[in-house]
Amino acid sequence: METQKIIDLSYLRQLANGSDEFMQTMISIFIAETPAALDNMEKSWERNDWSGIKAMAHKMKPSFGFMGIASMKDVITELEADAERGAYPEVIREKITRIKAACTAAIVELRTELKKYQKSASRI
Amino acid sequence: MKQNEDVTRVFIVDDDPVFSKALETYLKKEVPNVEVASFSNGESSLHELHRSPDLLLLDYRLDSEFAYAWDGLQILKKINNIDPGLSVVVMSAKESVDTAMNCIKMGAMEYVVKNEQAFPKIKGIVSELKQEIKEEKEEEELEEKSNMPAWLGLLLLLILLIFFLYRL
């Protein structure tokens with residue numbers, strides 16, 4: 001049975017308009033930047049820094065759109081709103097955990113995609 | 001003074017490297033004769049305004065490693081003081097009519113929500129601006145040309161006057 005993919009790169013491919021270099025650049029940046037952003041989010045939670053969480057959620061939102069992580073689109077928007085209105089720490093924590101799990105899975109999938117693009121580039 | 005007058009120079013000011021790089025690569029690919037420079041904070045973009053950008057794409061919510069970094073609106077105010085003619089588009093992941101209105105009131109030419117339509121919309125803005133610049137340039141050239149006979153007439157008159165005075 002095929003497992004459901006977290007990412008959907010169709011929008012990114014549409015933007016790339018056939019450029020594998022664009023795809024590689026975008027995927028590489030997401031893989032490089034996302035773990036640090038998630039770490040910052042967790043550190044902000046530990047400090048009860050809700051404005052920091054709000055800022056990080058706001059910043060990550062467009063990247064989720066590029067990588068087609070549709071399952072987390074609403075979650076990250078809700079997290080931003082929760083942080084803004086000062087929701088309970090458990091509510092915030094639960095969303096951060098879900099986002100982190102989704103991003104970790106997305107990064108695994110993106111690494112596979114990146115390898116495909118690198119292989120096809122080396123063939124040229 | 002720009003080295004190549006046909007090039008449209010765009011500054012992207014955004015602390016999100018994924019969005020910033022994507023937009024830079026997209027614009028370079030989709031819009032002909034465009035030069036794009038990206039800045040992760042507003043302060044560094046202000047230092048480079050002497051390079052005369054035609055358009056500045058400014059993130060509304062700017063975080064920075066600097067403790068007292070300015071956000072998008074503060075940068076917009078600074079730009080209004082330094083170069084009031086510069087076209088600024090404010091970009092934000094937040095879809096808010098109030099924020100958009102506020103940005104327009106403060107002098108932004110447009111407010112773009114960072115969603116799936118953002119890139120094509122920004123491409124449209126850059127293309128329109130490029131066309132406007134081209135038309136302005138053509139108008140200026142036409143004006144210069146239409147002024148030529150007046151200058152020539154004046155010159156002829158001057159030559160005749162010198163000739164007449166010389167004969168006297």
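Which residues does Val10(B) touch, not counting residues up to four places away in sequence? In this predicted model, Val10(B) touches Leu27(B), Val34(B), Val36(B), Pro53(B), Asp54(B), Leu55(B), Leu57(B) and Val126(B). Val10(B) also belongs to the largest nonpolar core, which has 65 residues. The residues with the most contacts inside that core are Met67(A), Val10(B), Leu57(B), Leu58(B), Val89(B) and Val90(B).

**Strands of chain B**

Val89(B) and Val90(B) lie in strand β4 of chain B, which covers residues 87-92. This strand is mostly covered, with six of its six residues buried. Ser87(B), Val89(B) and Met91(B) point one way from β4(B), while Val88(B), Val90(B) and Ser92(B) point the other way. The residues on both sides are buried.

β4(B) pairs with two strands, as the table shows.

| Strand paired with β4(B) | Residues | Sense | Bridges |
|---|---|---|---|
| β3(B) | 55-59 | parallel | five bridges |
| β5(B) | 110-113 | parallel | four bridges |

Single residues can be matched across these pairings. On the β3(B) side, Leu57(B) stands opposite Val89(B); Leu57(B) is also one of the residues touched by Val10(B). On the β5(B) side, the bridge partner of Val90(B) is Tyr111(B), and Met91(B) stands opposite Val112(B).

How does the chain cross from β4(B) to β5(B), and what is the handedness of this β-α-β crossover? The chain passes through helix α4 of chain B, residues 97-105, and the crossover is right-handed.

**Chain A**

Chain A has five helices and zero strands, and its pattern along the sequence is α-α-α-α-α. The C-alpha atoms of chain A fill a box of roughly 55 × 30 × 20 Å along the principal axes. Of the 124 residues in chain A, 34% count as buried. Among the contacts in chain A with a separation of 6 or more, 65% come from residues 24 or more positions apart.

**Where the chains touch**

How many residues does each chain give to the contact? Chain B gives 17 residues and chain A gives 18 residues. On the side of chain B that touches chain A, the largest share, eight residues, comes from helix α1 of chain B, residues 17-30. By class, this side of chain B has seven nonpolar, two polar and eight charged residues.

Notes. Residues numbered from 1 in each chain as written. Chains lettered and ligands numbered in written order. Predicted model: local features only at pLDDT ≥ 70, side-chain atom pairs only at ≥ 80, totals over all residues. Pairing = 2+ DSSP bridges. Helix = DSSP H or I, 4+ residues; strand = E, 2+ residues; numbered from the N terminus. Right-handed = clockwise from strand over helix to strand, strands pointing away. Core = buried A, V, L, I, M, F, W, Y, C linked by C-beta atoms within 7 Å. Buried ≥ 20, exposed ≤ 12 C-beta atoms within 10 Å, placed from the backbone. Contact = placed C-beta atoms within 7 Å. Nonpolar A, V, L, I, M, F, W, Y, C, P; charged D, E, K, R; others polar.
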